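Student: I am new to this structure and should like a close look at a single part of it. Please explain, in one connected account, how neighbouring helices in that part pack against one another.

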Amino acid sequence: MKREFKVAALAAAIALSGCASDSDSTASLPLDTNQSQTAIQIDAVKQSIDLAEKTLESSYQADLDWFASIQVRDAKIALAEAKEYYAEFELDPSEANSSSGFFSSKTNLQATEEGIAKFNAHINKAESIRGEVLIVLEDAFGYREQLATINAAKYYPKTAKQLEQNLKKLVDYMANEDTDKAINAQPELVRKQRALEVKTVTRIYLSDAQKELKRLKTAKVGMHAPETLARAAAAVTAAEAFIAAEPRSTAKIIDKADEAMFSLNHAQQIATVVKKLKAMPEKDYERHVLSYEKILLEITLALGAEDMRDQAISKQGKNLVQYIRDNLRDEQKTMLAQQKVRSELIDEKARTAQLEKEVAKLSAQLLATKQATAENATPVKSATVTTEADTTETTTTTNEAS
């Protein structure tokens with residue numbers, strides 16, 4: 001754009017009898033001063049362009065072009081124009097104050113500064129839009145983050161892509177200053193996002209149980225164990241309902257899924273036993289019953305209980321349960337008694353250690369007292385001896401004098 005006007009400007013300059021003069025403010029300054037000021041301005045412009053390029057790069061990392069596409073696009077255009085004008089005097093500083101175009105009153109330097117100012121204005125506007133979007137559409141972005149956490153796009157790519165496009169529409173509404181439209185559309189989007197979250201969590205944690213339930217129904221397990229299968233199906237339904245109510249309670253969801261799978265495996269085992277019974281001839285009934293009684297007997301002997309085979313099998317089981325409970329109760333009492341003894345022993349050891357500590361302290365004090373007494377007694381004895389000697393010597397001297 002700049003070069004298109006430059007040719008026309010050169011042609012016009014040849015035709016004119018006079019040459020264009022610098023502005024009054026520039027002409028009134030000495031040449032050295034003008035050059036110095038221009039050099040400072042060029043350096044500042046160069047720094048501004050470098051900073052703008054870094055800002056643009058960081059804006060991509062913050063997805064600023066996604067939040068405010070038009071503003072970032074305009075910012076890129078403004079920066080490109082600024083760099084184009086800057087190129088005119090980058091290698092020839094004397095071109096800095098040349099006209100930026102035939103019909104323009106701005107210099108190349110001024111046009112560059114204006115382009116940078118436009119860039120900054122567009123970027124600031126984009127950042128403002130991003131901040132406002134994250135506040136107004138907080139719920140939608142919260143679900144967006146959760147869907148990314150559970151990787152919903154992996155399991156339902158089409159739905160995830162569609163919801164992302166819907167969110168972008170709301171963002172564009174706000175970028176175009178139609179905030180009310182975005183606010184009114186958010187609840188429906190959030191509903192769909194939550195539905196996808198529930199669907200994804202269900203697939204992650206409950207798909208195995210759902211598949212197993214379907215397999216058992218297809219295998220007509222209900223014909224052999226209808227009640228057990230019904231309880232297993234109820235467990236799966238309960239897990240699905242819990243996920244729908246609390247899709248982010250991961251620990252509890254895992255427990256519910258495990259319970260459902262346990263119930264399904266139980267239904268399979270019961271159905272297998274019933275099928276065997278149905279296929280068994282009458283003559284093998286007794287052997288089959290005895291096989292279960294044998295298992296109860298092995299448990300009885302292992303526990304040290306009396307043989308209870310003279311009782312009904314159901315009663316044998318109840319008696320075994322009671323026997324185990326009684327033994328556990330006795331063991332618990334024994335453990336509590338042992339803990340009490342250990343606790344008392346620990347307390348006794350602690351008291352003994354404290355007494356030993358106090359005895360050692362008293363012994364040390366007694367020894368220190370004895371040593372102090374001995375040290376104080378020795379000087380007194382020496383003084384007494386000396387006094388007696390002096391007295392004797394004095395008495396002798398007196399007698400000799402007499």
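Tutor: Two residues are said to be in contact when heavy atoms of theirs lie within 4.5 Å. With that cut-off in hand, the part chosen here is the run of helices from α9 to α12, and the helix α10 is a suitable place to start. The model is a predicted one.

A brief view of the whole comes first. The protein has 14 helices and zero strands, and its pattern along the sequence is accordingly written as α-α-α-α-α-α-α-α-α-α-α-α-α-α. Of the 402 residues in the protein, 25% are buried. The exposed surface of the protein comes to about 27400 Å², with 56% of it supplied by carbon and sulfur atoms. Among contacts in the protein with a separation of 6 or more, 69% join residues 24 or more positions apart.

Now to the pairing of α10 with α11. The two helices pack at an angle of about 170°, and their axes are 9 Å apart. Angles over 145 degrees count as roughly antiparallel, and α10 is therefore roughly antiparallel to α11. On the α10 side, the residues that meet α11 are R194, V198, V201, T202, L206, A209, Q210, L213 and L216. On the α11 side, their counterparts are L229, A233, V236, A239, E240, I243, A244 and A245. Sorted by class, this contact of α10 with α11 has 13 nonpolar, two polar and two charged residues.

The loop between α10 and α11 includes K220. Most residues other than glycine have a negative phi. K220 has a positive phi, near 55°. K220 has a relative accessible area of 52%; the cut-off for exposed is over 50%, so K220 counts as exposed.

On the other side in sequence, α10 (residues 179-218) also packs with α9 (residues 157-175), at an angle of about 165° and with the axes 9 Å apart. These two helices are therefore roughly antiparallel to each other as well, and their crossing is left-handed. From α9, the residues T159, A160, L163, N166, L167, L170, Y173 and M174 take part in the contact. From α10, they are met by T179, K181, A182, A185, Q186, L189, K192, Q193 and L196. The residues of this contact of α9 with α10 divide into ten nonpolar, five polar and two charged.

The loop between α9 and α10 holds E177. E177 is a residue other than glycine with a positive phi, near 65°. The relative accessible area of E177 is 63%, and E177 is exposed.

The next pairing is that of α11 (residues 226-245) with α12 (residues 250-279), whose axes come within 8 Å and cross at roughly 165°. They are therefore roughly antiparallel to each other, and the crossing of α11 and α12 is left-handed. In α11, the residues concerned are T228, L229, A232, A235, V236, A239, F242 and I243. In α12, they are K252, I253, K256, A260, S263, L264, H266, A267 and I270. This contact has twelve nonpolar, three polar and two charged residues.

One residue of this last contact merits attention in its own right. L264 is located in helix α12. Its relative accessible area is 0%, and since the cut-off for buried is under 20%, L264 is buried. Leaving aside neighbours within four places in sequence, L264 is in contact with A209, E212, L213, L216, A232 and V236. Among these, A209, L213 and L216 also appear on the α10 side of the contact with α11, while A232 and V236 appear on the α11 side of the contact with α12. In addition, the C-alpha atoms of L264 and L229 are separated by 6.9 Å, although the two residues are 35 residues apart along the chain.

To draw the account together: α10 is roughly antiparallel to α11, α9 and α10 are roughly antiparallel to each other, and α11 and α12 are likewise roughly antiparallel to each other. Within this part, L264 of α12 has contacts that include A209, L213 and V236.

Notes:
Residues numbered from 1 in each chain as written. Predicted model: local features only at pLDDT ≥ 70, side-chain atom pairs only at ≥ 80, totals over all residues. Heavy atoms only, no water. Axes fitted to C-alpha atoms, helices over the stretch in contact; angles between N-to-C directions. Helix = DSSP H or I, 4+ residues; strand = E, 2+ residues; numbered from the N terminus. Parallel < 35°, antiparallel > 145°, perpendicular 65-115°, else oblique. Left-handed = near helix turned anticlockwise from the far one by under 90°. Nonpolar A, V, L, I, M, F, W, Y, C, P; charged D, E, K, R; others polar. Buried < 20%, exposed > 50% of the residue type's maximum accessible area, 1.4 Å probe, protein only. Areas by Shrake-Rupley, 256 points an atom, 1.4 Å probe, with all protein chains shown as cover.
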